[in-house]
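What does the fold of this chain look like, and how is its surface made up? The report below starts with a strand pair and then turns to the whole chain.

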Amino acid sequence: MRYSVIITKVLNKLVTFNWGITLLSFITAIILYPQLPGQVPDHINVVGAADSYGNKLTVFIMPLYYW
């Protein structure tokens, strides 16, 4: 089997896995949305403290921003 075929199969599995995780993240955000506070952290500094906050709709925008 050629290496390019193997690499293509592995990459296709990784892409499918990534889309699955993305879909799972959106489903989780939809389910938990009513329980979120009005403001959620949208940036965390190097020591782990939140230094920026946004509307709770941020949970839907941030995954798209970093994708």
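## Hairpin and overall shape

I44 stands opposite A50 in β2. This is a predicted model. The pair belongs to two antiparallel strands, β1 and β2. Strand β1 covers residues 39-44, and strand β2 covers residues 50-55. They are joined by 5 bridges.

The two strands form a hairpin, with 5 residues between them. G48 lies in that turn. Its phi is positive, about 90°. In a regular strand, side chains alternate between the two faces of the sheet.

Now the whole chain. The protein chain holds 2 helices and 2 strands. Along the sequence, the order is α-β-β-α. The hairpin strands β1 and β2 thus sit between helices in that pattern.

How does the radius of gyration compare with that of a compact globule of 67 residues? The protein chain has 17 Å, whereas such a globule would have a value near 11 Å. Along the principal axes, the C-alpha atoms fill a box of roughly 55 × 30 × 15 Å.

The chain-wide values are collected here.

| Property of the protein chain | Value |
|---|---|
| Buried share of the 67 residues | 7% |
| Share of contacts with a separation of 6 or more that join residues 24 or more positions apart | 23% |
| Share of exposed area supplied by carbon and sulfur atoms | 69% |

The exposed area itself is about 5,800 Å². Buried residues make up 7% of the chain, and its radius of gyration is 17 Å.

Conventions. Residues are numbered from 1 along each chain as its sequence is written. This is a predicted model: local features need pLDDT of at least 70, side-chain atom pairs count only at pLDDT 80 or more; totals for chains, interfaces and linings use all residues. Side-chain values use heavy atoms; hydrogens and water are left out. Two strands pair if DSSP finds at least two bridges between them. Helices (H or I, at least four residues) and strands (E, at least two) are DSSP runs, numbered from the N terminus. The radius of gyration is taken over C-alpha atoms; the globule rule is 2.2 Å times the number of residues to the power 0.38. Buried means under 20% relative accessible area, exposed over 50%, partly exposed in between (1.4 Å probe, protein chains only). Contact means heavy atoms within 4.5 Å. Accessible areas come from the Shrake-Rupley method with a 1.4 Å probe; for residues, only the protein chains shown count as cover.
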